[in-house]
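Got the viewer open? Let's walk through one corner of this model, one selection at a time.

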Amino acid sequence: MKIFFIASSCYIVFLMRVQFRPTNDPSIDTFRVEYIVGPCLLLSLIFNYEFIPSEILWSFSIYLESVAILPQLFLLQRTGEAEAITTHYLAALGAYRALYIPNWIYRYYTEGAVDVIAVMAGLVQTGLFADFFYVYFTKYVPLNVPCVDESSNSETRLDRVLKGEKFELPA
């Protein structure tokens, strides 16, 4: 299973770097990933369970995962719009991370242990999604409410989502 995960991750990186490279606009996508990789590396060297390479790499991956959404949120804020599929993907990703919280509570009561690194990183990531969730739920939910602008022709928000319309985001 890990081989499949690593292979599919490499394929996704290939698609981003080669096949879909023309869709990347460097004038808009100006987020410097060094600003998140460096602090995550530093945190993994300081806060880990054991100072061995596997534990340092594991804690680095946990810290990096917690802030990996920042470039996407930065890009959404810069452009001020997003395709429906992008916003729904981000909402699903945020909901997935938020569902870790009940998992941690369950594990605490059944196993009596708390993974402090994973919990803190997960709370940071869920917090980063808070602003996005506010905009998402106030702008897109409920989907069966009719749109109020004159160009909607009595369409519901769900109709617009299914057509793949881009949504304006507050800057």
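What volume does the second largest pocket have? About 370 Å³. (A pocket is an open set of points on a 1 Å grid over the protein atoms alone, where a 1.4 Å probe fits, with protein on both sides within 12 Å along at least five of seven lines; lining residues have an atom within 4 Å of a point.) Select Tyr100, Trp104, Arg107, Asp115 and Ala118: of the 17 lining residues, these are the closest to the pocket's centre.

A quick note before moving on: this is a predicted model, where local features need pLDDT of at least 70, side-chain atom pairs count only at pLDDT 80 or more, and totals for chains, interfaces and linings use all residues. Residues are numbered from 1 along each chain as its sequence is written, and side-chain values use heavy atoms, with hydrogens and water left out.

Now keep just Tyr100 and Trp104. Their ring centres are 6.0 Å apart and their planes at 70 degrees, so this is an edge-to-face pair (centres within 6.5 Å; planes over 60 degrees apart). Trp104 is buried at 14% relative accessible area (under 20% is the cut-off), while Tyr100, at 25%, counts as partly exposed (20% to 50%).

Add Tyr96 next: ring pairs link Tyr96, Tyr100 and Trp104 into a cluster.

Last stop, Arg97. Its charged end sits over the ring of Tyr100, 4.2 Å from the ring centre (for Arg, that takes CZ within 6 Å of the centre and within 35 degrees of the ring normal).

Terms used
Points joined across faces, edges and corners; volume = space filled by probe spheres on them. Phe/Tyr/Trp six-rings, centres within 6.5 Å; stacked < 30°, edge-to-face > 60°. Buried < 20%, exposed > 50% of the residue type's maximum accessible area, 1.4 Å probe, protein only.
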